[in-house]
Amino acid sequence: MLRLFKKIITTGVVTEKCKVPKEDELERLGIQIKNHIDKNFSGSITIRAVDAGSCNGCELEIHALNNPYYDIERFGIHFAASPRHADVLLVTGPVSRHMQTALLRTYEATPNPKWVVAVGDCAACGGEFGVSYASCGAVSNVIPVDVVIAGCPPTPQALMKGLLGLMKG
Amino acid sequence: MSAANWTANFLNQLTAAAISVEQFSLPSASLWQIESRHWQQFATLAVGQDVRWVAGWAEHVEGRLFINACFEKQGVYVLLRTIVNAAKPELPSQATVYPAASRSERHTQDMFGVHFTGHPDHRRWTRHQAWAKHDYPLRKDFPVQGEPETVTPPDKDYQFIKAHGEGVYEIPVGPVHAGIIEPGHFRFQAVGELILNLEERLGYVHKGIEKIAEGRTPESLARLAGRVSGDTTVGHCWAACRAMEQAAGIEIPPRAALLRGILAERERVANHLGDMGAICNDVAFIFAHMQFSRLRELWLRTNAAVFGHRLLMDRIVPGGVACDLSASACTLIKQEIVQLSKELSEIITAIDLNSSLEDRIYTAGYLAPEIAAAFGTVGYVGRASGQDRDVRRDAPYLPYDHASFKVALEDQGDVASRFWVRYKEINASLKLIKQFIAQLAAGSTLTEWQAPPAGSEALSIVEGWRGETIAYVRFDADNKIARYYPRDPSILNWPALEKLVLNNIVPDFPVCNKSLNGSYSGNDL
Ligand code: SF4
């Protein structure tokens, strides 16, 4: 147990210790997001991530938002387990036809007002998979999309910028 | 070494059983062609010799269907083929002998309309409701666009296995799960908290990868292969490129091979770090989750700084690699390895003595070695249940043929074993990266591409981070792909999850699932 505490103490708080210039940008971004959230959403927004057919690359980077470097929760952004608790749906992947109804139902289950963010090139335009017998392509072919975050996959920073775009939008 | 012998002895056995075999040779494997009526008998004889069923797929070639199955023993791979008429394709099932072949044959049934006689389970697998029962997307006359309805209805009428009895209840989970993970459906039967049975229903992220691969150029196929399963972008891309290179008779420069090795080991480390953290997270041990995800993030940042992509997508291209390492980048990587080893050993010492972690991961999710063997389980899942198998050692390819490393092995078969195997594999990967960097000599990183003759085919097998990863490629005329089949390790490992959760409690399902960490995308294609 002592070793554990020692590691915690020697690791320190990496979240605030970022000295690389990029990280300042991250802080700035985060604070901007926070200001918008405070103003328009009374302090916090809740996101529900929906994989509608991705290759799982986008999920890895969405996960990264919760690692101690980005720690996106400190800016008032929280991931929920149910669409019923969500303000924002973060949808990845081309929408596979086998997921089309599940995505529609998830969208319907999200209370109004709601926003949809299409994450990644696949969600934006179908990406490498396009439209086929098995894929509906872009998320906007299935549900209305408010913001698109391009990238394959988008980096955690691009994700934060995209979310800020949504807040400002 | 008896490696060459098993095929020789086995061929004798086949002759004795009056099964005639036409032999051809492919790079990485021998190709044996037999009559379709002997399909099952071959499997029966093979299982008797402890030969492992590895993969199965079909191909529509001018009115005929090529049915393929791949087998392995002692690192020697055999590609078995039979040809049936596409008008009424029927042959005896191998799934009666090899449980691992079951879902693969159901995939071939759904995608090509092949009837496997005697198959223990004729339910559809990959097909949900996006195409009709008598349409077969991988037949050449099926248009890539298909004829989908405006809204594809949800999957219905799938006959799940039922359990009856006092106190037995059913829990349906998914396709949309609670976390940030891929979609799939799990059907549990439980009594109290105890899991009596689990049935997986996958196929939700089927996006027609095999179909849209047809007609691509080598570069375009490499990009698609890198998206079969995003976490294995290096593994699948390498397998596909190597298959294409072998089909085209192209040798990549030594420097490119070493760089591929470095990329693959970096992918292994990144995923293992993520998984070790996630396993701890699933038993609410946040300290370790945060530490591992911190180390993973640092590792990905180096990927971005040195190779230009955090997940290393599209770094491997047909003929070589699209990246290089400068001397200063090599120094940076070596320093990073020293730092990571130090931090890991600190964290591991801290958590190894932690009883709350021990309580949850030891004995949970036990996969018996016999079951792991029967299902042909690969990668860290197999190795944690005593399956001493690693393509890098057993069927070495460049640059592993000159590398020395120890294959991690555990035999307890529980979540803890799968955790520790990953830890050992990280250490082995770090050593390998250092060896590869030491061997780097100046030189080119790309061999010029040469279009292969129509009909050229090859099978390539690499050890991706999840385990044995396979790509089969056949070329058409004009440098175009006629057939691409990627076999993700998850295809062999998913069925093991149904077994290892039995008699565990429902709340331990997430950690059991995470310890296996199958790819949905790699499975559904
Ligand atoms: S955008 Fe890229 S990473 Fe995201 S799902 Fe598509 S292929 Fe995968």
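## Interfaces and buried charge in a two-chain model

In chain B, the buried residues of helix H5 pack against helix H4 (209-213), helix H6 (233-248), strand E11 (316-317), strand E14 (467-475) and strand E15 (481-487). Here buried stands for under 20% relative accessible area, exposed for over 50%, and partly exposed for what lies in between, with a 1.4 Å probe and protein chains only; contact, on which packing rests, means heavy atoms within 4.5 Å. Helices (H or I, at least four residues) and strands (E, at least two) are DSSP runs numbered from the N terminus. Helix H5 itself spans residues 218-225 of chain B and is mostly covered, with 6 of its 8 residues buried, namely B:Pro218, B:Ser220, B:Leu221, B:Ala222, B:Leu224 and B:Ala225.

The model is predicted, so local features need pLDDT of at least 70 and side-chain atom pairs count only at pLDDT 80 or more, whereas totals for chains, interfaces and linings use all residues. Residues are numbered from 1 along each chain as its sequence is written, chains are lettered from A and ligands numbered from 1 in the order in which they are written, and side-chain values use heavy atoms, with hydrogens and water left out.

### Chain A against chain B

The two chains meet through 51 residues from chain A and 69 residues from chain B. Together chain A and chain B bury about 4800 Å², 61% of it on carbon and sulfur atoms, where buried area is the accessible area (1.4 Å probe) that two parts lose on being put together, summed over both. On the chain A side, A:His98, A:Glu128 and A:Tyr133 supply 19% of the area buried against chain B, more than any other three residues.

Between chain A and chain B there are 5 salt bridges, a salt bridge being a side-chain nitrogen of Lys or Arg within 4 Å of a carboxyl oxygen of Asp or Glu. One salt bridge joins the side chains of A:Glu128 and B:Arg216, at 2.6 Å from N to O. Across this interface 30 residue pairs are in polar contact, both residues at pLDDT 80 or more; a polar contact is a pair of N or O atoms within 3.5 Å, of which, within protein, one must be able to donate a hydrogen and the other to accept it, and residues adjacent in sequence count only if both atoms are side-chain atoms.

Helix H1 (2-11), strand E1 (45-51), helix H3 (57-64) and helix H4 (100-109) of chain A each supply at least two residues of the side that touches chain B, and H3(A) gives the most, with 7 residues. By class, that side of chain A has 26 nonpolar, 15 polar and 10 charged residues, counting Ala, Val, Leu, Ile, Met, Phe, Trp, Tyr, Cys and Pro as nonpolar, Asp, Glu, Lys and Arg as charged, and the others, Gly among them, as polar.

### Domains 2 and 3 of chain B

Chain B is divided into domain 1 (22-158), domain 2 (168-201) and domain 3 (209-524), with bounds from an automatic or database domain assignment. The centres of domain 2 and domain 3 of chain B, taken over C-alpha atoms, are separated by 27 Å, and their contact takes 17 residues from domain 2 and 16 residues from domain 3. These two domains of chain B bury about 1400 Å² between them, 63% of it on carbon and sulfur atoms. In domain 2, B:Glu182, B:Ile195 and B:Glu200 lose the most area to domain 3, together 41% of what that side buries.

The count between domain 2 and domain 3 of chain B is 0 salt bridges, but 6 residue pairs are in polar contact, both residues at pLDDT 80 or more.

### Charged residues within chain B

Over all chains the structure holds 43 salt bridges, and three from chain B are listed below.

| Pair | Closest N to O |
|---|---|
| B:Asp121 and B:Arg106 | 3.1 Å |
| B:Glu245 and B:Arg260 | 2.7 Å |
| B:Arg393 and B:Asp388 | 3.0 Å |

B:Glu245 lies in helix H6 and B:Arg260 in helix H7 (residues 254-282) of chain B, so the pair ties together parts that are 15 residues apart in sequence. B:Glu245 is buried, with a relative accessible area of 3%, and B:Arg260 is buried at 1%. B:Asp121 and B:Arg106 are both buried as well. By contrast, B:Arg393 is partly exposed at 36%, and B:Asp388 is partly exposed at 41%.

B:Arg52, found in strand E3 (residues 52-61) of chain B, counts as buried at 6% relative accessibility, and its side chain makes a polar contact with the side chain of B:Glu468 (2.6 Å).
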